[in-house]
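Q: I am a first-year student, and I would like a close look at one part of this protein. Please choose a single residue as a starting point and describe its surroundings step by step.

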Amino acid sequence: FFAFAAPEIGTFIHSFRNVIMKTYATPSVIEFAIVFMFETLHVIGTGILFFLAFPGMDSIRALMATNAVAIFPGLLKIFMKHDFEGMYKWISLAMTIISVIFQVSALVVWPIASRNQNDIDHNWALPIGMFLTSFGWWECFVEEKGHLRKLWDIKTKLTDGGARGFTYFWISLWKITLFLGCMMLIAPVTNIVPYYTALFSNFVESFNTIEYILEGGNTGGGFIAKFFEISFWDSPGFV
């Protein structure tokens with residue numbers, strides 16, 4: 001949660017400074033609603049990934065799965081006007097479609113093919129989470145020409161029109177609140193915590209360091225696990 005909230009807090013501070021100390025523009029209701037929807041879907045997808053899908057995967061598979069976070073931007077790219085003409089235009093469109101198919105197929109095949117190698121309780125969590133997360137990068141793939149010119153106009157108003165400060169002044173706070181809600185809702189369901197109040201009642205204890213030592217002899221006997229708990233205030237992290 002803190003890793004997600006830290007950059008959003010920075011965005012809020014930057015937007016607050018722009019609103020207080022600079023001239024800013026305000027988007028229309030439709031423009032604000034579109035950005036609000038994209039960012040909301042992005043946060044929900046991120047919550048599904050980190051609290052529902054990734055806990056059941058090892059680090060390598062989870063890292064490789066993050067390569068498929070350009071599904072929605074790829075779909076946007078299909079409807080944008082390509083710079084090439086003639087045959088090269090269709091080749092460019094075909095390559096875009098193929099790249100989207102590769103990403104979609106990876107999200108569909110991966111949970112089925114690796115069912116025995118992961119402990120994801122809900123197989124839908126990975127593809128749905130990756131697709132919703134990809135909404136966060138819509139700005140990087142919109143172009144001035146094409147069927148979705150409106151998105152380009154919104155991006156231009158945010159970047160060059162001075163509306164980003166006002167827009168993300170509110171959206172940054174909403175994203176932090178929504179991600180906290182996702183954590184409180186999903187974490188108890190997946191047994192990451194026994195109940196949602198444990199996120200707050202055991203807050204200080206969660207920073208304690210527990211060191212495990214496995215001891216075993218050469219006689220073929222089993223290992224004995226010993227652990228030592230170090231409080232947060234005495235841990236190397238606090239120092």
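A: A suitable starting point is Glu 139, which lies in the loop between helix H6 (125-133) and H7. The model is a predicted one, and the description below should be read with that in mind.

Is Glu 139 buried or exposed? Its relative accessibility is 15%, and because buried means under 20% relative accessible area, Glu 139 counts as buried. What does Glu 139 touch, once its neighbours within four places in sequence are left aside? Its contacts are Lys 155, Leu 158, Thr 159, Arg 164 and Tyr 168. A further relation in space concerns Leu 151: Glu 139 and Leu 151 are 12 residues apart in sequence, and their C-alpha atoms are 8.0 Å apart.

Glu 139 also belongs to the lining of a pocket. The second largest pocket has a volume of about 200 Å³, and its lining consists of Pro 7, Glu 8, Thr 11, His 14, Ser 15, Asn 18, Glu 39, Glu 139, Arg 164, Gly 165, Tyr 168 and Lys 175. Two elements, H1 and helix H8 (164-189), each give two or more residues to this lining. The largest share, 6 residues, comes from H1. Sorted by class, the lining has 2 nonpolar, 5 polar and 5 charged residues. Arg 164 and Tyr 168 are residues of this lining that are also in contact with Glu 139.

Two other lining residues deserve individual attention. One of them, Asn 18, is found in helix H1 (residues 2-21). Asn 18 is buried, with a relative accessible area of 15%. When its neighbours within four places in sequence are left aside, Asn 18 is in contact with Tyr 24 and Gly 165. Gly 165 is itself named among the residues that line the pocket.

The other, Lys 175, has its place in helix H8. With a relative accessible area of 6%, Lys 175 is buried. Beyond its neighbours within four places in sequence, Lys 175 is in contact with Phe 4, Glu 8, Glu 39, His 42 and Val 43. Among these partners, Glu 8 and Glu 39 also appear in the pocket lining.

The next step leads from the loop of Glu 139 to helix H7. Helix H2 (residues 29-53) and helix H7 (residues 149-159) pack at an angle of about 95°, and their axes are 11 Å apart. How should this angle be described? Angles of 65 to 115 degrees count as roughly perpendicular, and H2 and H7 are therefore roughly perpendicular to each other. On the H2 side, the residues that meet H7 are Glu 31, Ile 34, Val 35 and Phe 38. On the H7 side, Lys 150, Leu 151, Ile 154, Lys 157 and Leu 158 take part. By class, this contact has 6 nonpolar, no polar and 3 charged residues. Leu 158, one of the H7 residues that meet H2, is also one of the contacts of Glu 139.

Helix H7 also holds Arg 149. At 38% relative accessibility, Arg 149 counts as partly exposed. Arg 149 and Met 80 are 69 residues apart along the chain, while their C-alpha atoms are separated by 8.3 Å.

Leu 151 leads on to another helix, since one of its contacts is Leu 76; the contacts of Leu 76, apart from neighbours within four places in sequence, are Trp 138, Val 142, Leu 148 and Leu 151. Leu 76 is found in helix H4 (residues 71-78), and it is buried, with a relative accessible area of 4%. Leu 76 and Thr 96 are 20 residues apart in sequence and 10.0 Å apart in space, from C-alpha to C-alpha.

Finally, the surroundings of Glu 139 may be placed within the whole chain. The chain has 9 helices and 2 strands, which follow the pattern α-α-α-α-α-α-α-α-α-β-β along the sequence. Of its 239 residues, 34% count as buried, and Glu 139 is counted as buried as well. Among the contacts in the chain with a separation of 6 or more, 70% are between residues 24 or more positions apart.

Methods: Residues numbered from 1 in each chain as written. Predicted model: local features only at pLDDT ≥ 70, side-chain atom pairs only at ≥ 80, totals over all residues. Heavy atoms only, no water. Helix = DSSP H or I, 4+ residues; strand = E, 2+ residues; numbered from the N terminus. Buried < 20%, exposed > 50% of the residue type's maximum accessible area, 1.4 Å probe, protein only. Contact = heavy atoms within 4.5 Å. Axes fitted to C-alpha atoms, helices over the stretch in contact; angles between N-to-C directions. Parallel < 35°, antiparallel > 145°, perpendicular 65-115°, else oblique. Nonpolar A, V, L, I, M, F, W, Y, C, P; charged D, E, K, R; others polar. 1 Å grid on protein atoms, 1.4 Å probe; cavity = no way out; pocket = protein on both sides within 12 Å on 5 of 7 lines; lining within 4 Å. Points joined across faces, edges and corners; volume = space filled by probe spheres on them.
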